[in-house]
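Please read the following model together with its sequence, and then work through the dialogue below, in which a learner asks how its features are to be read.

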Amino acid sequence: MEAAMDLMRRMPPRSAETALNALLSLLPDHSLDLLSQVDLPLQVCMDKESLKEYILCEYNRDADSYRSPWSNKYDPPLEDGTVPSQGMRNLEVEANEVFSVYRDQYYEGGISSVYIWEDEDNGFIACFLIKKDGQGKRGYMQIGSWDAIHVVQVGPEEEGAAHYCLNSTVMLSLTTNNKQSGTFNLSGSIRRQMSMTLAVADGHLVNMGKMIEEMEGKLRNSLDQVYFGKTREMVCTLRPPPEVLNMRLPDS
C-alpha cells in the first residue's frame, strides 16, 4: 500500500485514473484505502433542475449516484440516498453561494461546489471544490486545468472555539505549443495540511474561508517554486535562451 501511494503521488493528473484502475486490479484488498486516499481530476455534471453545473467527487457520491449541492437531489435518482441534516444543509447552501463569489474573484470563472455532512464526533466535515479548465488568454499557454480539493474537518464547539483540520490537494496541468518551444506539458499535484483552533464568534464559514484562502496562497507559491522554478532551471540549463548564449560568446 505504501508503494502504491508513493507511485500515485508521482503520476501526472491526466494519467491518475488509469494508474488507479491498474492498482485496483493488482491490489483488490486495498481498494477502499486507495479510493479514499487517491485524488483524481474532478468531473462535472449538470443539475437538470437548477440548470447549474456541479462537481462530482467521492464526497457527494452514494452508490453510482451523485448529489447536487443546488437541488440536494441525486442523479441518477436515489430514493434512500444520504443527505445532510437541515442545519448542515442550510450551511451548505450558504457556503456554495459564498464560495462561488470567491471563485469568481480569484479564478475569473470555473466551477465550484461545497458539500457538508455530519461526522461521528459531533462535528462536521466540509468539502470545497474548484475546477477551472480553459485555453490561455495570455502568454503561450494552449490549454490548462486546475483542480482544487479542500476538506475541512471541524470538531465540536468547546468554550466558544472549535478545532479545524484542513487537507488540501491541487492538481495542475498546462500545455504550451508555439514555434519557439514546440509542444510542452507540465503537470503535477501537491498536498498540504493545516490545523487551527479558532473562535466561532464569526461563524464556521468565515473560519474555513480564511484557512482555505491562506492555504491556496501557500499552494500557489509552492507550485511556482517546485514545478515552474525547477522546470525553468532545467530547461535553461539544457537549452539556454538566445540572450544567454549571446552573453557567453567570446568577443571577436
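The turns below go through a helix, the nonpolar cores, a hairpin, the cysteines and some backbone details.

Q: What should be kept in mind about the model and its numbering?

A: This is a predicted model, in which local features need pLDDT of at least 70 and side-chain atom pairs count only at pLDDT 80 or more, while totals for chains, interfaces and linings use all residues. Residues are numbered from 1 along each chain as its sequence is written, and side-chain values use heavy atoms, with hydrogens and water left out.

Q: Which residues of helix 1 are buried, and where do they fall around its axis?

A: In general, an α-helix has 3.6 residues a turn, so residues three or four places apart point the same way. Helices (H or I, at least four residues) and strands (E, at least two) are DSSP runs, numbered from the N terminus; buried means under 20% relative accessible area, exposed over 50%, and partly exposed in between, with a 1.4 Å probe and protein chains only. In helix 1 (residues 2-9), the residues A4, M5 and M8 are buried. Seen down the helix axis, they fall within an arc of 95° (taken from the directions from the axis to the C-beta atoms), so they line one face of helix 1. The face turned away from that buried side carries the exposed residues E2, A3 and R9, whereas the buried residues pack against helix 2 (13-26) and helix 3 (31-37), where contact means heavy atoms within 4.5 Å.

Q: How many residues make up the largest nonpolar core, and which elements give two or more residues to it?

A: A nonpolar core is a set of buried Ala, Val, Leu, Ile, Met, Phe, Trp, Tyr and Cys residues joined through side-chain atoms within 4.5 Å. The largest one here has 32 residues, and those with the most contacts inside it are I116, F124, F128, V152, Y164 and M208. Two or more residues each come from helix 4 (86-107), strand 6 (111-118), strand 7 (124-134), strand 8 (141-154), strand 9 (161-178), strand 10 (182-199) and helix 5 (204-238). The largest share, seven residues, is that of helix 5. Apart from this core lies another, of 13 residues, among them I111, L129, I149 and M171.

Q: What do M208 and L91 contact beyond their neighbours in sequence?

A: Leaving aside neighbours within four places in sequence, M208 is in contact with F124, A126, F128, V152, V154 and Y164. L91 lies in helix 4 and counts as buried at 16% relative accessibility; not counting residues up to four places away in sequence, L91 touches I116, F124 and L205.

Q: How are strand 6 and strand 7 joined?

A: Two strands pair if DSSP finds at least two bridges between them. Here eight bridges join strand 6 to strand 7, and the two run antiparallel; the bridge partner of E118 in strand 7 is F124. The two strands form a hairpin with five residues between them, and N122 in the turn has a positive phi of about 65°, although N122 is not a glycine. N122 counts as exposed at 72% relative accessibility, whereas eight of the 11 residues of strand 7 are buried, so that strand is largely enclosed by the rest of the structure.

Q: How many disulfides does a search of the whole structure find, and how far apart are the sulfurs of C57 and C127?

A: A disulfide is a covalent bond between the sulfur atoms of two cysteines, and the criterion used is a pair of cysteine sulfur atoms within 2.5 Å. The search finds zero disulfides. The sulfur of C57 is 4.5 Å from the closest cysteine sulfur, that of C127, which is too far for a bond. C57 is buried, with a relative accessible area of 12%, and C127 counts as buried at 0% relative accessibility.

Q: Which peptide bond is cis, and where does A63, with its positive phi, lie?

A: Backbone angles are read residue by residue. A cis peptide bond joins D75 and P76, with omega about -5°, and P76 is placed in the loop between strand 5 (74-75) and helix 4. A63 has a positive phi of about 60° although it is not a glycine; A63 is placed in the loop between strand 3 (61-62) and strand 4 (65-67), and counts as exposed at 53% relative accessibility.
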